[in-house]
Amino acid sequence: VVGVSAASLWAQASGQWTWPLARPLLVTAQYLGVAALCLIVIFKRVRARSSAPSRSLGLRAARPLRLIGAGIAGYAVFIALISLLAVALRGMLGEVLPLASSVEELIGSPHSTGEVIIYAVLVCVIAPIVEEIIFRGYVYAGIRRFLRPPQAMLLGGLIFWVVHFNPAALRVIT
């Protein structure tokens with residue numbers, strides 16, 4: 001939200017974008033700034049309470065390349081399956097993909113290959129890593145201290161949904 005707002009204010013102040021990649025880079029810079037601030041606060045809070053803050057957040061160093069490879073392979077399979085499902089649903093139901101439409105509304109329709117690449121890295125790589133650390137590593141772990149795992153998962157998922165501002169995709173995001 002901060003990135004999109006800043007980009008819009010920048011565009012209004014300057015009259016128009018002077019460089020085609022200005023908006024996606026500004027959105028990315030804003031996101032990285034907010035994400036860095038959040039992660040710094042989280043790591044400081046966890047470090048004060050844990051002797052192994054990275055491990056407490058679900059980050060582990062055992063065989064990191066293997067974990068990264070498995071994550072990339074799993075994500076590739078997920079994207080392939082979601083794409084096939086989207087094509088099938090579009091053929092049967094028309095445009096009924098609320099999650100995809102909210103992302104498109106947030107970042108706008110990219111007009112160049114550079115924009116597509118920047119947004120793909122932001123939305124498909126950087127944001128998921130940051131969100132996993134924040135929501136599964138910090139929020140869920142905190143909730144789990146007070147609730148049993150199933151309730152903590154549901155409440156953590158609902159908080160994740162609220163943060164994403166998409167009422168139409170409640171079940172998908174949660």
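User: Before we start, what range counts as partly exposed? And is C124 buried, exposed or partly exposed?

Analyst: Buried means under 20% relative accessible area and exposed means over 50%, with partly exposed in between. This is a predicted model, and in it C124 comes out at 31% relative accessibility. That value falls between the two cut-offs, so C124 is partly exposed.

User: What about C38, and how many disulfides are there?

Analyst: C38 has 32% relative accessibility, so this cysteine counts as partly exposed. A disulfide needs a pair of cysteine sulfur atoms within 2.5 Å. By that rule, the disulfide count is zero.

User: Over to T28: which helix is T28 in, and which residues does T28 touch, leaving out those up to four places away in sequence?

Analyst: T28 sits in helix α2, which covers residues 22-49. With a relative accessible area of 12%, T28 is buried. Setting aside residues up to four places away in sequence, T28 touches I118 and L122.

User: Which side chains meet in a salt bridge?

Analyst: Side chains of opposite charge can pair when their charged atoms come close. Searching the whole structure turns up one salt bridge. Its N to O distance is 3.0 Å, and the partners are R136 and E132.

User: How far apart in sequence are R136 and E132?

Analyst: Both belong to helix α6, residues 113-144. Their spacing is about one turn of the helix, which here is four residues.

User: Of R136 and E132, which one counts as exposed?

Analyst: E132 has a relative accessible area of 39%, so this residue is partly exposed. At 58% relative accessibility, the residue that counts as exposed is R136.

Technical notes. Residues numbered from 1 in each chain as written. Predicted model: local features only at pLDDT ≥ 70, side-chain atom pairs only at ≥ 80, totals over all residues. Heavy atoms only, no water. Helix = DSSP H or I, 4+ residues; strand = E, 2+ residues; numbered from the N terminus. Buried < 20%, exposed > 50% of the residue type's maximum accessible area, 1.4 Å probe, protein only. Contact = heavy atoms within 4.5 Å. Salt bridge = Lys/Arg side-chain N within 4 Å of Asp/Glu carboxyl O.
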